[in-house]
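Q: Could you take a close look at the side-chain contacts in this model, going from the start of the chain through its charged and aromatic pairs? I would like to see how each contact is placed, and how covered its partners are.

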Amino acid sequence: EFALLVDELHHHEEAIHIADRLWELIAAPMEVDGHRLHTTASIGIALSGTNYEEADEILRDADLAMYRAKGNADLRYALFDQAMHDRMVHQHTLEIDLWRALERQEFRLAYQPIVSLVSGRTVGFEALLRWQHPTRGLLMPGAFIDLIEDTGLCLPVGWFILERAIADLALWQRREEGLEAGVCVNVSGRFFLQDGLTERLAELLDRYRITQGSLRLEVTENILLDHDNFARERLAALRQLGVKLYVDDFGTGYSSLTYLQRFQYDALKIDRSFVADLGIKSDAGAIVTTLVRLGQSLGMQVIAEGVESEEQVQKLRGLGCPMAQGFWFARPLTSMDAIAFMTGFSALPTATVDDPGARQDVQQTVRASDAS
């Protein structure tokens, strides 16, 4: 990276003209050791003005504009503008709020049911992160999950999710003796590879004393691809703790059969994109059938994600898929509403976390059931 300071410009079009000339010079082919090479550049432009007081400020904005250009293959250059500034301020404010969110206990867990397509019983839940922001309301992960990865909060937030899910699971098992449903927690690569993971998780399992096998960690295929031997050793150590291991979003990564054979997972989850295509693309059913048979041939359970219609449920049943999750069964639930769902209230409109207005109907029905 390098910067150019150009003075005596009277209009932004002049800066753009210079950027175009610079880009064309950089893009001109070069001869290196008998090879003809081509290169390109991404250029960010920040215009001086009364708002700048320090040199670092204009460099910062030019850098942001450069990354805007870098993120769009069709752009040679990007001009820093007010909209870009507003996004920067928004992201910076959100980052500050994120650091306070753990301390203020603003994070919440929602639980999406995983249902047997054979018996109709709830066989588990996936724990989903939500942020109850003090001024912006309930935020979905898409609004902040990338910032968590970028700001170093991945590990503390990951441990919050894991401990809260285990604590809720322990509560369910105390209230409902013989409960078979477990909880799936999605684990990022960075969290999965940290030192002391196995020991700390063992301490949590010992503290809450949940049923062995009721905690399921979801990992992506890329963890094994990127960290072959180490990853398999870590997976084996987690298996020794009685933790089940699921492959998440299967079919969207490299889907290497070699890595599935090297380590015996307990389940694979078919990515929602394949489920969404059922009834739309002619080959979608064949792909789902292949994934179901692959999982079953390797002794794995199979779960379809993102089910949103009865038509998809019927097609998945017809294709032999044994389990599924998605909005068709229920919106993400609070911990207490998850108990109600497990104990026979699956027909209730229980969108209680992402749609708090529905909670009152659920609670009234549950209280009436308890009274009787």
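## Side-chain contacts, followed through the chain

A: Leu-9 is placed in the segment before helix 1 (12-27), and everything said here about it and the other residues is read from a predicted model. Leu-9 is partly exposed, because its relative accessibility is 31% and the class runs from 20% to 50%. Together with Phe-2, Leu-4 and Val-6, Leu-9 makes up a nonpolar surface patch whose members share about 380 Å² of accessible area.

From that segment the chain enters helix 1, where Asp-20 is found; its salt-bridge partner Arg-76 sits in the loop between helix 2 (55-70) and strand 4 (77-79). In this salt bridge the closest N and O atoms of Asp-20 and Arg-76 are 3.8 Å apart, and the pair links distant parts of the chain, with the two positions 56 residues apart. Asp-20 is partly exposed at a relative accessible area of 24%, and Arg-76 is partly exposed as well, at 31%.

The count of salt bridges comes to 13, and another of them joins Lys-269 to Glu-126, with an N to O distance of 3.0 Å. Lys-269 belongs to strand 11 (residues 267-270) and Glu-126 to strand 6, so this contact ties together parts that are 143 residues apart in sequence. Both Lys-269 and Glu-126 are buried. A salt bridge within one element is the one between Glu-203 and Arg-207, where the closest N and O atoms are 2.9 Å apart; these two residues lie in helix 7 (residues 197-208), four residues apart, which is about one turn of the helix. Here the partners are partly exposed, Glu-203 with a relative accessible area of 39% and Arg-207 with 44%. Salt bridges with shared partners also build a network, which joins Glu-126, Glu-218, Lys-269 and Glu-305.

The aromatic rings give a second set of contacts, and a search of the whole structure finds eight aromatic pairs. One of them is formed by Phe-107 and Trp-131, whose ring centres are 5.9 Å apart and whose planes make an angle of 45 degrees. That pair counts as tilted, because 45 degrees is neither under 30, as stacking would need, nor over 60, as an edge-to-face arrangement would need. Phe-107 is in strand 5 (residues 107-116) and Trp-131 in strand 6 (residues 122-133), so far as the sequence goes 24 residues apart, and the pair is one that links distant parts of the chain. Both Phe-107 and Trp-131 are buried. A further pair, edge-to-face, is formed by Trp-328 and Phe-329, with 5.2 Å from centre to centre and 90 degrees between the planes. Trp-328 is partly exposed at 38% relative accessibility, whereas Phe-329 is buried with a relative accessible area of 12%. Ring pairs also link Phe-107 and Trp-131 with Phe-144 and Phe-160 into a cluster.

Charges and rings meet as well. The charged end of Arg-200 sits over the ring of Trp-159, at 4.2 Å from the ring centre, and Arg-331 lies over the face of Phe-327, at 4.0 Å from the centre of that ring.

The cysteines call for a separate remark. The search of the whole structure finds zero disulfides. Cys-184 is buried, with a relative accessible area of 0%, and Cys-321 also counts as buried, at 3%.

Two backbone positions complete the account. Most residues other than glycine have a negative phi. Asp-33, however, has a positive phi near 50 degrees, and it is placed in the loop between strand 1 (30-32) and strand 2 (35-37). Gln-105 likewise has a positive phi, near 60 degrees, and is found in the loop between helix 3 (82-103) and strand 5. Asp-33 is exposed at a relative accessible area of 74%, and Gln-105 is exposed at 62%.

Helix 14 (residues 335-342) is mostly covered, with seven of its eight residues buried, among them Ser-335, Asp-337, Ile-339 and Phe-341.

Terms used. Residues are numbered from 1 along each chain as its sequence is written. This is a predicted model: local features need pLDDT of at least 70, side-chain atom pairs count only at pLDDT 80 or more; totals for chains, interfaces and linings use all residues. Side-chain values use heavy atoms; hydrogens and water are left out. Rings of Phe, Tyr and Trp (its six-membered ring) pair if their centres lie within 6.5 Å; planes under 30 degrees apart count as stacked, over 60 as edge-to-face and the rest as tilted. Buried means under 20% relative accessible area, exposed over 50%, partly exposed in between (1.4 Å probe, protein chains only). A charge sits over a ring if NZ of Lys or CZ of Arg is within 6 Å of the ring centre and within 35 degrees of the ring normal. A disulfide is a pair of cysteine sulfur atoms within 2.5 Å. Patches are made of residues with over 30% relative accessible area and no salt bridge: like charges are joined within 9 Å, nonpolar side chains (Val, Leu, Ile, Met, Phe, Trp, Tyr) within 5 Å. Accessible areas come from the Shrake-Rupley method with a 1.4 Å probe; for residues, only the protein chains shown count as cover. A salt bridge is a side-chain nitrogen of Lys or Arg within 4 Å of a carboxyl oxygen of Asp or Glu.
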